[in-house]
Amino acid sequence: QVHVVESGGGLVQAGGSLRLSCAASGRIFSNYLMGWFRQAPGKEREFVGSISWIGGSTYYADFVKGRFTISRDKAKTTVYLQMNSLKLEDTAVYYCAAGSTIGTMSRGPWGQGTQVTVSS
């Protein structure tokens, strides 16, 4: 099982940027994806994007394409979410997860998440 700790959230104005970090520990299998999800108040948790642990291939939800970038540092077992051109609707708690598929990741387990608040 992979244990994750998210950090880097905060308050930012619309149009601004933030970089989130996800420090992972435990057994990360070579076929794993590391992904970011978010949950806004009153809404279900949704997939944001993922990166393959070995190859570094990325995949994003349509609503973040061109604005968010996922990267990873294998030596530090850390995954990053660079968020640019933030919008009010990006306000949410952001979570990191690991798994062999997006479906597997979406089942958790979840860390404490990190709050991102975008203000006008």
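Where is the place of Ser 85 in the chain? In this predicted model, Ser 85 lies in the loop between S8 and S9. Its phi is near 50°, a positive value in a residue other than glycine. Ser 85 counts as partly exposed, because its relative accessibility of 41% falls between the limits of 20% and 50%. A comparable description applies to Thr 77, which is found in the loop between strand S7 (68-73) and strand S8 (78-83). Phi of Thr 77 is near 45°, again a positive value in a residue other than glycine. With a relative accessible area of 27%, Thr 77 is partly exposed.

The secondary structure of the chain comprises one helix and 10 strands. Along the sequence these elements follow the pattern β-β-β-β-β-β-β-β-β-α-β, with helix H1 spanning 102-105 and strand S10 spanning 114-119. The C-alpha trace extends over about 40 × 25 × 25 Å along its principal axes. For 120 residues, a compact globule would have a radius of gyration near 14 Å; the value for the chain is 13 Å, which agrees with that expectation. Buried residues make up 44% of the 120 residues. Of the contacts in the chain with a separation of 6 or more, 54% are accounted for by residues 24 or more positions apart. The exposed surface of the chain amounts to about 6100 Å², of which carbon and sulfur atoms supply 49%.

One disulfide is present in the structure. The disulfide is formed by Cys 22 and Cys 96, whose sulfur atoms are 2.1 Å apart. This pair links distant parts of the chain, as Cys 22 belongs to strand S3 (residues 18-26) and Cys 96 to strand S9 (residues 92-99), with the two positions 74 residues apart in sequence terms. The link of Cys 22 and Cys 96 is left-handed, with -75° about the S-S bond. Cys 22 has 0% relative accessibility and therefore counts as buried. Cys 96 is likewise buried, at 0% relative accessibility.

Strand S3 also contains Gly 26. In contrast to the buried Cys 22, Gly 26 is exposed, because its relative accessible area of 59% is over the limit of 50%. Gly 26 and Trp 53 are 27 residues apart in sequence, and their C-alpha atoms are 14 Å apart in space.

Aromatic side chains form a further set of contacts, with five aromatic pairs in the structure. In one of these pairs, the rings of Phe 37 and Trp 110 have their centres 5.1 Å apart; their planes lie at 75°, so the arrangement is edge-to-face. The pair joins distant parts of the chain: Phe 37 is in strand S4 (residues 33-39), whereas Trp 110 is in the loop between helix H1 (102-105) and strand S10 (114-119), 73 residues apart. The two partners fall into separate accessibility classes. Phe 37 is buried, with a relative accessible area of 3%, and Trp 110 is partly exposed, with a relative accessible area of 25%. Ring pairs extend to a cluster made up of Phe 37, Phe 47, Tyr 59, Tyr 95 and Trp 110.

Trp 110 also takes part in an arrangement with a charged side chain. The charged end of Arg 45 sits over the ring of Trp 110, 4.0 Å from the ring centre. The ring of Trp 110 is thus paired with Phe 37 and has the charged end of Arg 45 over it. A second arrangement of this kind involves Arg 19, the charged end of which sits over the ring of Tyr 80 at 4.2 Å from the ring centre.

The loop that carries Trp 110, between H1 and S10, is also the place of Pro 109. The peptide bond from Gly 108 to Pro 109 is cis, with omega near 5°. This loop therefore brings together a cis peptide bond leading into Pro 109 and the aromatic residue Trp 110.

Conventions. Residues numbered from 1 in each chain as written. Predicted model: local features only at pLDDT ≥ 70, side-chain atom pairs only at ≥ 80, totals over all residues. Heavy atoms only, no water. Disulfide = S-S within 2.5 Å. Helix = DSSP H or I, 4+ residues; strand = E, 2+ residues; numbered from the N terminus. Buried < 20%, exposed > 50% of the residue type's maximum accessible area, 1.4 Å probe, protein only. Phe/Tyr/Trp six-rings, centres within 6.5 Å; stacked < 30°, edge-to-face > 60°. Lys NZ or Arg CZ within 6 Å of the ring centre and 35° of its normal. Rg over C-alpha atoms; globule rule 2.2 N^0.38 Å. Contact = heavy atoms within 4.5 Å. Areas by Shrake-Rupley, 256 points an atom, 1.4 Å probe, with all protein chains shown as cover.
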